[in-house]
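Let's take a walk through the strands, helices and side-chain pairs of this chain. Keep the viewer open and follow along as each part comes up.

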Amino acid sequence: MTDSKPTPAPRKVTLYRNGSVYTAADPFASAMLVDGDTVAWVGSEQAATSIADASMDIVDLNGALLAPGFVDSHAHLTETGIARNSLQLGGVSSARELLDAVAGSTAEGTILGHGWDETLWADPSLPSAAELERAAGGRKVYLSRIDVHSALVSPALAAAAGLEGVSAGGQVKRAAHTAARLAARRLPAAALRGYQQQALAEAAANGYVGLAEMAAPHIGSIEDLRLAVGWNDESRNGTAVPEILPYWGELATSPEHAQSILDGLGVSVLGLAGDLNIDGSIGSRTAALRADYTDFPGERGSLYISVDQAAAHLAACSLLGIQAGFHIIGDAGLDAALDALDLAAAEVGEQRVRAAGHRFEHVELADAGAIGRLAKYSVTVSAQPCFDSAWGGAGKLYEQRLGSRQVGMNPFASFYAAGVPICFGSDSPVTPLRPWSSVRACLEHSNPAEQISARAAFLGHTRAGWRAARYRNPMAGQLVPGAPASFAVWEVEELMVQVADGRVQSWSTDPRARTPLLPALDTGSDPACLLTVRDGRELFSSGALGA
């Protein structure tokens, strides 16, 4: 009797050679062999010559760097796609220019825009809702601030969102902003999917092999989340894209409630975490602070979730053994989250809290005491280095809003020194999907005491991203035999060991210490991505590498 089973397709074997491979297995490796979806071997050019044969695809790296692919630990796919296709307001320098951009829009429906930042304007006065309405010719208008924690909206959009009292001042915050954003996002599934596809293509072209999608009810619908998670099935059955690491930021009151939320999503998520907001943002003055905003006496921001609510959420998720987490920016917001950790630990036990691997997003303003408490509970901090490069330093947003307190913002080196697990992302569309710019921001932190080395920053953007998501394969994020073949190839000008200026690192930078080399990031430009591969499948190719 003949066996009718189809013959499995032969595994594709590819040898990448004549470059530089970033691997702990051999810091001087110049070649890597990929068998199917797995790294099979790394080693020297001489050894590559001996193993190469006609059955392999052979790719000449021509001196390029092959390194683990990047993971963005905090991103928003649909928001990123919408921002790419809406009015680009990052370059406007006044209310008049913003209104001119609205007036010039050819959008037939709601006019969408993103990226305005009044702190960069000579006159920070914002246009009124009536001015927006006139400029738009009566069309609905939703223009998100760069931090996406407030927006300028027209009366027509406000009415569609069920808001009142927006006719005079056009800026909406807090619950009013949530309602306005959701009204502006009432889009068909095909449109949502198209925006997500554009964001994924941009990510792949910049060397990302994974993105943590921080979905939440105040950002988009469950349908939006389902579409995002669906790309993982698409990667298995169709066009390959970066892997989606999905989170859903909805507050749970008990283990039973948490389980009902999970069951109702219709897709699996890694946790009830991410953009579950304890507070808002520095730019919109909604981050919860211990003391007043320097430029707005009497304003200390807002706590969106009470300590008791946060504690119940943490306890519920800890009992289920899943990740919980919050969006936290201000020091008072972090105080609330840490007090909630204490209450949750008292209820379910410190060990259960630690074992769940909870994560806090942003954590921008943290003193030594708070950092110690984060370490106690093994909470991972998911931070955004480009926040500092955009808004840290003399005269910039943080100093405008916080005065001398800005020195303590984004304390990366302090997190590392205290043993707090840390991973990095973009919060796209707040900052761009440009991983090497993010690595550079760690090296060039506005506070020299908080600078970290390129090696630490690179690990925080790669392997740490998988660990923070409690990824199923513990070898993800490194290029050693047996690890997933997920990597990017970069055209680089120079490779070197880079340390934070004026700081002594805990590892040696002597070449004899066999420290792998990374691109020089002081050249004024980022390395160019030539190829992105996830699990052996090509996500992006510039066409510059030939077999």
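In which sense do strand β10 and strand β11 pair, and over how many bridges? Strand β10 (residues 141-145) and strand β11 (residues 150-153) are antiparallel partners, joined over 3 bridges. Before we go further, please keep in mind that this is a predicted model.

## The sheet from β8 to β12

The β10 and β11 pair belongs to an open sheet of 5 strands, and reading across the sheet gives the order β8-β9-β10-β11-β12, with mixed pairing. At its edges are β8 (87-88) and β12 (171-173), each of which pairs on one side only. If you would like a landmark within the sheet, look for S144, which stands opposite A151 in β11.

Two helices lie across these strands. Helix α3 (residues 95-103) lies across β8, β9 (111-116), β10 and β11, and runs at about 135 degrees to β10. Helix α6 (residues 174-184) covers β9, β10, β11 and β12, and runs at about 105 degrees to β12. Helix α6 also holds a backbone feature worth a stop: R174 lies in this helix, and the phi of R174 is near 55 degrees, a positive value in a residue other than glycine. For context, most residues other than glycine have a negative phi.

## The sheet from β2 to β24

A further open sheet has 5 strands in the order β2-β6-β20-β23-β24, and here too the pairing is mixed. Strands β2 (20-21) and β24 (537-541) stand at the edges with a single partner strand each, so one side of each has no neighbour in the sheet.

Strand β23 (residues 528-534) pairs with β24 in the antiparallel sense, over 4 bridges. Within this pairing, V533 stands opposite E538 in β24.

## A salt bridge across the sequence

Side chains of opposite charge can pair when their charged atoms come close. The count for this model comes to 23 salt bridges. One of interest joins the side chains of E243 and R534, at 3.4 Å from N to O. Since E243 lies in strand β14 (residues 243-248) and R534 in strand β23, the pair ties together parts that are 291 residues apart in sequence.

## Helices α2 and α7

Two packed helices are described by the angle between their axes and the distance between the axes. Helix α2 (residues 77-84) packs on helix α7 (residues 189-205) at an angle of about 90 degrees, and their axes are 7 Å apart. The two helices are therefore roughly perpendicular.

On the α2 side, the contact is made by L77, T78, T80, G81, I82 and R84, and α7 brings L192, Y195, Q196, Q198, A199, L200 and E202. Sorted by class, these residues are 6 nonpolar, 5 polar and 2 charged.

## Helices α10 and α11

Helix α10 (residues 307-320) and helix α11 (residues 331-348) pack at about 50 degrees, with their axes 8 Å apart. That angle makes α10 and α11 oblique to each other, and their crossing is right-handed.

From α10, the residues in the contact are V307, D308, A310, A311, L314, A315, S318 and L319, and from α11 they are A336, A337, D339, A340, L341, L343, A344, E347 and V348. The contact of α10 with α11 divides into 13 nonpolar, 1 polar and 3 charged residues.

## Helices α17 and α18, and a cis peptide

What angle do α17 and helix α18 make where they pack? The angle between α17 and helix α18 (residues 454-461) is about 135 degrees, with the axes 9 Å apart. This makes α17 oblique to α18, and the crossing of α17 and α18 is right-handed. The contact is made by P435, W436, S438, V439, C442 and L443 of α17, together with A454, A457, F458 and H461 of α18. In the contact of α17 with α18 there are 8 nonpolar and 2 polar residues, and no charged residues.

One last backbone feature is found in the loop between β19 (422-424) and α17 (435-443), where P429 is located. A cis peptide bond joins S428 and P429, with omega at about 20 degrees. By comparison, most peptide bonds are trans.

Note on methods:
Residues are numbered from 1 along each chain as its sequence is written. This is a predicted model: local features need pLDDT of at least 70, side-chain atom pairs count only at pLDDT 80 or more; totals for chains, interfaces and linings use all residues. Side-chain values use heavy atoms; hydrogens and water are left out. Two strands pair if DSSP finds at least two bridges between them. Contact means heavy atoms within 4.5 Å. Axes are lines fitted to C-alpha atoms, for helices over the stretch in contact, and angles run from 0 to 180 degrees between N-to-C directions. Angles under 35 degrees count as roughly parallel, over 145 as roughly antiparallel, 65 to 115 as roughly perpendicular and the rest as oblique. A crossing is left-handed if the near helix is turned anticlockwise from the far one by less than a right angle, and right-handed if clockwise. Ala, Val, Leu, Ile, Met, Phe, Trp, Tyr, Cys and Pro count as nonpolar, Asp, Glu, Lys and Arg as charged, and the others, Gly among them, as polar. A salt bridge is a side-chain nitrogen of Lys or Arg within 4 Å of a carboxyl oxygen of Asp or Glu.
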